Amino acid sequence: GQAVTALGIDFGTSGARAIAIDPEGNVLATARRPLHQPDRPQEWAATLRALILEMPSAIRRQIRRIAIDGTSSTVFLCDAQGQPSSPVLLYNDDRAQDHLQRLRQIVAADHLVLSATSSLVKLLWLQTHYATANVVFLHQADWLAFLLHGQLGISDWHNALKLGYDPAKEAYPDWFSHPILAPLQPLLPQVVPPGTVVGEVTATDLGLSPECQVCAGTTDSIAAFLASGASEVGEAVTSLGSTLVLKLLSTSRVEDLTAGIYSHRLGDRWLVGGASNCGAAILAQFFTPEELERLSVQIDVSQPTGLDYYPLLKRGERFPINDPHLEPRLEPRPNDPRLFLQGLLESLSRIEAQGYAQLQRLGASPLKQVWTAGGGARNPAWLALRQQYLGVPVAISPHTEAAYGTARLAQLNGGTTAPEFPTSAD
Ligand code: ADP
């Protein structure tokens with residue numbers, strides 16, 4: 001499709017953000033709002049309006065597509081008018097875990113939906129406690145998009161993955177006809193590719209153009225990947241946040257669910273992801289931000305320390321080593337703090353390289369380029385060490401905001417109109 005001015009809106013774990021971009025991907029305007037009660041749809045709705053109204057009015061009128069990302073597996077039920085009719089279960093809410101045993105009778109032992117926080121187990125819980133006639137099950141991003149386009153009961157491949165939707169078949173699996181799950185079927189959203197145009201904006205009091213289209217959304221972590229601009233097979237994004245999160249664009253789908261490795265569909269490719277329990281959080285245990293900055297620039301990356309740590313905060317790892325009993329290894333500790341920091345950064349770089357090697361061993365496409373996001377991205381010594389260990393070009397992502405990635409999604413993938421939507425609630 002032709003590039004247009006687009007608005008991406010991100011509802012993340014700590015707040016919400018909007019970024020408007022021009023057809024070339026340049027940022028035109030940004031806005032940010034905290035979320036005080038992250039489980040309150042009324043606050044999300046007010047925040048959505050406020051973020052859009054914060055865009056300068058001239059830019060607002062130029063916007064031709066909008067998409068919204070939300071936190072994965074933040075879900076609830078709505079009535080036929082789109083009014084919430086249950087509490088919101090946030091991404092990390094595990095109150096539904098008692099329903100896991102019912103699911104275990106139905107799906108393969110290592111299926112993604114068999115987690116205490118999956119969308120499907122939450123749907124089972126909601127159906128037990130709150131279902132009445134004519135309710136729909138929605139993810140946060142689905143509902144926020146509904147507020148703009150007025151179509152109820154539409155989700156996207158990314159949000160619907162932990163609901164059990166199979167994006168390879170583009171269908172819900174046959175096991176939804178099992179007697180335990182069959183009653184859920186009328187509640188399931190229709191699922192379309194992320195970025196699909198769902199409809200024109202119906203909200204008339206926001207100063208948006210009546211031609212502005214609203215697209216199906218995505219999840220916050222995929223949006224953060226998209227922000228990097230990575231689009232070729234073999235490109236990857238490492239997030240150096242509290243934990244190390246790896247995502248590699250691949251022609252093949254890779255799953256090793258006991259190790260927490262799974263793939264999201266992106267167009268006709270797969271975004272293969274894995275997350276280590278190690279990460280930059282360990283650095284904050286031993287160094288102040290000032291020490292990190294000062295010591296990092298003193299590191300001589302051409303002189304390896306020979307230290308071999310496994311810097312976990314606590315016992316247990318899933319990826320790249322799947323061992324729930326793995327102990328942190330932080331010995332021997334040199335007296336020189338600069339050497340200790342170098343040893344930690346070398347070890348984290350080694351674990352990142354092992355992670356990409358593991359994804360490729362399981363069938364992902366060969367690694368060609370690594371983009372970097374997160375709090376550790378700007379550490380020059382770490383960047384140089386990662387370059388050595390990874391053996392491919394490593395660079396800082398030009399953009400890391402999820403809202404930017406969602407704006408790009410609307411801009412680039414939003415060229416298609418979905419075939420047929422059920423008539424919305426009216
Ligand atoms: P998250 O969102 O996962 O909490 P962030 O992406 O905000 O994490 O990154 C925070 C992490 O970045 C902290 O764990 C901190 O130790 C690390 N960090 C901050 N500054 C530096 C630095 N100069 N070098 C390496 N790591 C850093």
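**Helix α12, its partner and the cores**

Trainee: Which residues of α12 are buried?
Mentor: Buried means under 20% relative accessible area (exposed is over 50%, partly exposed in between; 1.4 Å probe, protein chains only). Helices (H or I, at least four residues) and strands (E, at least two) are DSSP runs, numbered from the N terminus. The buried residues of α12 are Ala 402, Ala 403, Tyr 404, Gly 405, Thr 406, Ala 407, Leu 409, Ala 410 and Gln 411.

Trainee: What kind of model is this?
Mentor: Residues count from 1 along each chain as its sequence is written, and side-chain values use heavy atoms, without hydrogens or water. Local features need pLDDT of at least 70, side-chain atom pairs count only at pLDDT 80 or more, and totals for chains, interfaces and linings use all residues, as this model is predicted.

Trainee: How far apart are the end C-alpha atoms of α12?
Mentor: The expected span is 1.5 Å times one less than the number of residues. Helix α12 covers residues 402–413, twelve residues, so 16 Å is expected. The end C-alpha atoms agree with that, at 16 Å.

Trainee: At what angle do α7 and α12 pack?
Mentor: Axes are lines fitted to C-alpha atoms, for helices over the stretch in contact, and angles run from 0 to 180 degrees between N-to-C directions. Helix α7 (residues 220–227) has its axis 7 Å from that of α12, and the angle is about 80°.

Trainee: Is that parallel or perpendicular?
Mentor: Under 35 degrees is roughly parallel, over 145 roughly antiparallel, 65 to 115 roughly perpendicular, and the rest oblique. Therefore α7 against α12 counts as roughly perpendicular.

Trainee: Which residues of α12 make the contact?
Mentor: Contact means heavy atoms within 4.5 Å. From α7 come Asp 220, Ala 223, Ala 224, Leu 226 and Ala 227. From α12 come Ala 402, Tyr 404, Gly 405, Thr 406 and Leu 409.

Trainee: Which element gives the largest share of the largest nonpolar core?
Mentor: A nonpolar core is a set of buried Ala, Val, Leu, Ile, Met, Phe, Trp, Tyr and Cys residues joined through side-chain atoms within 4.5 Å. The largest has 41 residues, and Leu 390 is one of those with the most contacts inside it. Elements giving two or more residues include α8 (281–286) and α11 (380–390). The largest share, nine residues, comes from α10.

Trainee: Is Leu 257 buried or exposed?
Mentor: Leu 257 lies in the loop between β13 and β14 (262–266). Its relative accessibility is 16%, so Leu 257 counts as buried.
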